[in-house]
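Biologist: Hey, I'm new to this one. Could you pull it up and walk me through it?

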Amino acid sequence: MTELGVPGAALATDAALAALRGAVTGPVFGPDDVGLVTELAGFNLALEHAPLAVVGATSAEDIAAAVRWAAGQGVRVGVLATGHGDLAQRGTLAITTRRMDRVHVEPATRRATVGAGVKWARLVEAAAPYGLAGLNGSSTDVGIAGYTTGGGVGPFVRKYGYASDRVRRVRVVTGDGEIRDVTAASDPELFDVVLGGKDAVGIVAELEFALIEVPRMYGGGLMWGAADIPAVLRAWQEWAPTLPEEMTTSVAILRAPDVESVPAPLRGRTLAHLRVAHLGSADEGRALLGPMRAVATPVMDTVDEMSYAAIDAVHMDPTDPMPFWADGCFLADLDADAVDAVLAAAGPQQEIPLILVELRHLAGAAERGTRGLAPRDARFMVGVVGPLVPALREVVPAVARGVVEALTPWAASRTGLNWVNPYAVAARPELAWSPVERRRIEAVRRRVDPHGVLGAVRLGV
Ligand SMILES: Cc1cc2nc3c(=O)[nH]c(=O)nc-3n(C[C@H](O)[C@H](O)[C@H](O)COP(=O)(O)OP(=O)(O)OC[C@H]3O[C@@H](n4cnc5c(N)ncnc54)[C@H](O)[C@@H]3O)c2cc1C
């Protein structure tokens with residue numbers, strides 16, 4: 001796998017680790033501690049972590065103490081929550097956040113406050129009884145902080161925009177070791193960079209964001225067999241732009257692995273999967289979905305009136321940890337030629353090691369937001385996932401990039417960090433940052449992380 005070396009001290013002395021243990025409340029794991037592997041275990045089993053040490057942070061103060069310790073040692077800092085991302089902690093002081101698990105929902109103001117270690121599932125559970133929801137993504141197993149600081153594209157992106165658009169306050173520990181409560185009014189530049197740069201200049205300790213009202217929804221998925229994939233993708237490309245913003249959809253080519261966790265009728269098959277989330281009545285949703293239901297006879301149709309608590313049923317993402325490589329690109333548009341390019345690169349006739357090639361429709365509120373760093377010229381996106389098992393380690397990243405690059409003629413100005421591989425960005429920063437964004441990040445970085453403790457890989461520095 002492509003890896004970047006991260007500069008920093010090769011080893012921390014016992015005395016230095018003792019000082020770190022004295023400075024934080026949470027546990028500290030040195031490189032020889034057995035607990036280190038468990039502490040870093042997460043969803044993506046392909047990540048080969050080799051950190052200098054790990055701090056299991058319990059508070060913003062713990063994060064700040066760890067960042068200051070790292071600055072004193074001349075080492076870089078990284079952060080890990082659920083391990084749904086694709087960045088390995090190598091040579092860093094890794095900070096884990098799962099102990100920072102506070103969730104507070106305030107129905108009267110429709111606001112939520114969550115700690116850095118909270119997964120979306122906890123927020124769904126806390127907000128659903130009030131008919132409220134956050135802008136989670138396809139899987140509620142993902143961490144709120146990592147997802148939101150990468151923009152966050154969810155099942156209601158067309159109606160409500162990126163998850164980062166709804167953040168009202170962020171408590172962040174910047175690379176200089178300061179704990180800062182930041183709003184769009186108090187420090188707009190830092191606010192934007194934190195909400196679009198993941199840990200480029202700071203580690204989020206707590207997020208406060210506005211919830212949406214979801215009194216009812218109509219959603220689920222439709223699947224078709226391999227022979228219908230070209231017709232389904234072509235029909236979707238024409239149909240999706242006709243929909244009101246209340247309906248967000250995506251379509252995926254799935255190569256379902258032949259494993260027990262996949263439902264038996266779908267196991268080992270290549271399928272088209274239409275994912276549907278509609279904010280409105282079943283009657284409206286049914287009428288809108290009619291043309292897609294008529295394309296061909298589906299092998300599965302779960303789209304119906306549903307409660308928001310069942311939102312994971314829309315995308316049916318895997319929940320068991322797996323080794324994977326992900327890549328993707330935001331698209332300014334998706335015409336019939338673009339669909340042909342997808343079919344040529346990843347259609348059912350291709351024998352390629354990709355579990356998922358997904359096209360999502362973004363056009364709507366995501367184009368209108370003003371905060372964060374998310375690009376505003378993306379009307380579609382493509383996301384690609386492959387299994388990073390040992391036999392395919394050298395193959396999957398190149399095949400994934402090949403599919404993404406087949407869509408380069410339709411690319412938007414850049415791609416949000418949740419959807420472009422960090423090692424691809426390290427080699428080609430322009431995939432994620434335009435010169436303007438890059439200058440904004442550098443300016444903030446000089447101010448709040450003057451020694452460059454954070455952001456090594458993503459910024460390619
Ligand atoms: C099954 C699956 C489904 C997904 N669905 C979607 C989706 O629908 N929409 C979407 O936009 N993305 C989606 N993603 C991508 C996901 O949002 C990103 O990978 C996100 O970074 C995961 O964050 P995490 O904390 O769960 O993972 P981790 O691997 O723990 O963290 C990933 C990265 O997030 C950053 N990060 C984590 N915590 C913090 C913090 N406290 N402060 C600053 N930075 C932090 C760090 O850079 C870290 O390297 C999906 C990923 C998977 C595996």
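Biologist: How far is the side chain of Asp199 from an oxygen atom of the ligand?

Modeller: An N or O atom in the Asp199 side chain sits 3.0 Å from a ligand oxygen. That fits the cut-off for a polar contact, a pair of N or O atoms within 3.5 Å (within protein, one must be able to donate a hydrogen and the other to accept it, and residues adjacent in sequence count only if both atoms are side-chain atoms). Mind you, this is a predicted model: local features need pLDDT of at least 70, side-chain atom pairs count only at pLDDT 80 or more, and totals for chains, interfaces and linings use all residues. Residues are numbered from 1 along each chain as its sequence is written, and side-chain values use heavy atoms, with hydrogens and water left out.

Biologist: And what about Thr82 and the ligand?

Modeller: The Thr82 side chain has an N or O atom 2.5 Å from a ligand oxygen. For Asn418, a polar side-chain atom is 2.9 Å from an oxygen of the ligand.

Biologist: How much of the ligand does the protein bury?

Modeller: 95% of the 950 Å² that the ligand exposes when taken alone (areas by the Shrake-Rupley method with a 1.4 Å probe).

Biologist: Switching topic: where is Thr149?

Modeller: In the loop between H5 and helix H6 (157-160) (helices, H or I, are DSSP runs of at least four residues, numbered from the N terminus).

Biologist: What does the Thr149 side chain reach?

Modeller: The backbone oxygen of Ala145, at 2.8 Å.

Terms used:
Helix = DSSP H or I, 4+ residues; strand = E, 2+ residues; numbered from the N terminus.
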